[in-house]
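Here is a friendly round of questions about what earns a feature its label. Please have a look at the structure, and then we can go through the terms one by one.

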Amino acid sequence: MKKVLSLFLTFALVLGLSPICAKAEDMSSYIKDAYIQFDNGTTTVRVGEKVKVIVTIVLTGGTKQVLNDTADFKYLAFKAPANVEFTNDGENAYVKGLTVGDSTITFHYGAPDSNINSTTNITVNDLTLRPSYNHLYMLKNMTRRITVKADWSNLIDVNDVTQSCAFSSTNPAVAVVNQSPVNPTVDGSSANQIGRIYPVSAGSTTIEVTYSGKTIKIPVSVMQLTIGSQSGALIKGTGGTASYAVTGIGMYDGAPLEVHWCTQNGDLDSVPPAGLTASDAALSNSTSSITVNADSKVPSGMYYFKLFSNIETSIYSDNIASVTVAPDARSSEKAITGFKIGSVAGTIDDAHHTIAITLPYGTDVTSLTPAITVSAKATVSPTTAKDFTNAVTYTVTAEDGTKQEYTVT
C-alpha cells in the first residue's frame with residue numbers, strides 16, 4: 001500500500017496536482033465515478049470569493065457518498081485552472097475565484113483498483129454594483145439616498161446590499177454621506193438612512209461605495225445658479241439691449257436656462273410689457289449670458305426675472321435679476337426762442353405757436369432767410385430761403401424726437 005501511495009503522489013506531482021491526504025478508507029472496488037461541487041450548491045464562484053470544495057463519490061450501485069472527512073481525501077488530487085486557486089488548511093479544501101471566465105477543474109481519484117479521472121466545469125463571475133444614481137444632481141436644500149444593488153454576471157441574483165456598503169465622500173465640504181442610520185426621520189420615514197447624501201455647499205464631490213471588495217464612484221453635483229447685474233442701458237423711447245452674466249456651479253455643460261419673468265418677490269405671475277423680451281440660453285463651461293431687449297415703447301420702470309433649469313431636478317437661480325428701463329433723459333424742449341429777418345425781430349406767441357413780423361414798406365418778401373434760434377438740442381426746418389407772401393410754417397424737433405410747428409405771418 002505504501003508503494004502504491006508513493007507512486008500516486010509521484011504521479012500527482014508530475015501532473016501538477018495538489019494532493020489532499022489523510023487517513024485511508026478503501027472504497028475503491030465500489031467506486032464508479034466522482035465529482036465535485038462547492039458548498040454554495042453550485043460550481044460557480046465569484047471573483048475574490050473563497051468556497052469549500054465538496055467531493056461526491058458515486059458507487060457502482062448508484063449510491064452517492066460525500067467525502068466530508070479529510071480522511072476520505074487520501075487518494076484525491078486537483079489540478080486547478082488559471083482563474084482559480086485551490087488551498088488546503090489541513091482539514092478542508094477550498095477554491096477561490098481569481099478572474100472572470102469559464103474553465104475546467106481536473107481531479108483524480110486514485111484509490112487501489114480504481115483510477116478515476118474526472119472534470120468539472122467551473123464559472124468565475126464578477127460582481128456588478130448598480131447604484132440608484134449614476135450622477136446625482138442636487139440642490140443645497142435637499143437630500144437624496146443612494147441605494148445599491150449587487151449582481152453577478154451570468155447569475156440571476158440581484159440584491160439590495162445598501163446596508164452592507166461602505167460610503168464616503170471625497171469632498172465633504174460639498175456633501176457628506178451617512179454611513180450609519182442617523183436622522184431616521186428624514187423625509188418623514190423611519191427607513192434606514194445609510195447612503196443618504198446631505199449637501200453642504202455648491203460644487204462637486206464623488207461618493208465612493210464599497211461592497212465585497214469592489215468600489216464604484218458616483219459623481220454628486222450640488223447645483224447653484226446665479227445671475228449677475230445688468231450690463232447695458234435700456235431707455236424709454238430709445239430701447240436698447242442689456243446682458244446678464246450667468247454662473248452655474250455643479251451643472252452640466254449645455255444645461256438649458258429658461259427666463260421666467262416674476263415679481264420683485266419672485267412670484268411667477270408677472271407679464272413683461274410689450275416690447276420687453278429676453279432670450280433663453282444654455283451653460284457652457286459653467287457660464288452663460290442672458291440678453292434682454294427693449295423697444296422704444298417700453299415704459300420706464302423696474303422689471304424682474306429669474307432663471308429655471310430642469311436637469312434631474314428643477315433648479316431656479318438663487319437670486320432675482322432686475323431689469324431697469326430708465327426714463328427718457330433726452331430733452332423734449334422744442335420752442336423757437338428768436339426769429340429775425342435782417343434787423344427786424346418777430347413777435348413770438350408761445351401759447352399759440354405763432355410769430356408775427358412787420359417788414360419795412362417795399363421789402364421784397366419772395367425770398368427771405370430768417371435767423372432762427374431754438375431750444376437747446378432742438379433743430380428747426382426749413383433752413384433755406386422762403387417766400388413770405390403767404391404764411392410760412394417752421395417745424396422744431398426736440399432731442400427726444402417730438403415736434404412743434406410755428407406759423408410765421
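Q: Where is Pro382 found, and how do you know that its flanking elements are strands?
A: Pro382 is found in the loop between strand S36 (379–381) and strand S37 (392–397). Strands here are DSSP runs of E with at least two residues, while helices are runs of H or I with at least four, all numbered from the N terminus. The model is a predicted one, in which local features need pLDDT of at least 70, side-chain atom pairs count only at pLDDT 80 or more, and totals for chains, interfaces and linings use all residues. Residues are numbered from 1 along each chain as its sequence is written, and side-chain values use heavy atoms, with hydrogens and water left out.

Q: What kind of peptide bond joins Ser381 and Pro382?
A: The bond between Ser381 and Pro382 is cis, with omega at about 5°.

Q: What makes the phi of His353 worth a remark?
A: His353 is not a glycine, yet its phi is positive, at about 55°. His353 lies in the loop between strand S33 (347–349) and strand S34 (354–356).

Q: Why is His353 called partly exposed?
A: Buried means under 20% relative accessible area, exposed means over 50%, and partly exposed is in between (1.4 Å probe, protein chains only). His353 has a relative accessible area of 24%, so it is partly exposed.

Q: Why does Lys377 count as exposed?
A: Lys377 has 62% relative accessibility, so it passes the cut-off for exposed. Lys377 also has a positive phi of about 70° although it is not a glycine, and its place is in the loop between strand S35 (371–374) and S36.

Q: Why is the contact between Asp126 and Lys214 called a salt bridge?
A: The term asks for a side-chain nitrogen of Lys or Arg within 4 Å of a carboxyl oxygen of Asp or Glu. For Asp126 and Lys214 the N to O distance is 3.4 Å, so the pair qualifies. Asp126 lies in the loop between strand S10 (116–125) and strand S11 (127–131) and Lys214 in strand S20, so the pair ties together parts that are 88 residues apart in sequence.

Q: How do you know that Lys217 and Glu208 form a salt bridge?
A: The closest N and O atoms of Lys217 and Glu208 are 3.9 Å apart, so this pair meets the definition too. Lys217 counts as exposed at 59% relative accessibility, whereas Glu208 is partly exposed at 24%.

Q: What makes Asp151 and Arg130 a salt bridge, and where do the two residues sit?
A: Their closest N and O atoms are 2.3 Å apart, so the distance criterion is met. The pair links distant parts of the chain, with Asp151 in strand S14 (residues 148–152) and Arg130 in strand S11, 21 residues apart.

Q: Is Asp151 buried or exposed?
A: Asp151 has a relative accessible area of 7%, so it is buried. Its partner Arg130 is partly exposed, at 45% relative accessibility.

Q: How do you know that S17 and S18 are paired?
A: Two strands pair if DSSP finds at least two bridges between them. S17 and strand S18 (residues 196–199) have three bridges in the antiparallel sense, so they pair. Val176 stands opposite Tyr198 in S18.
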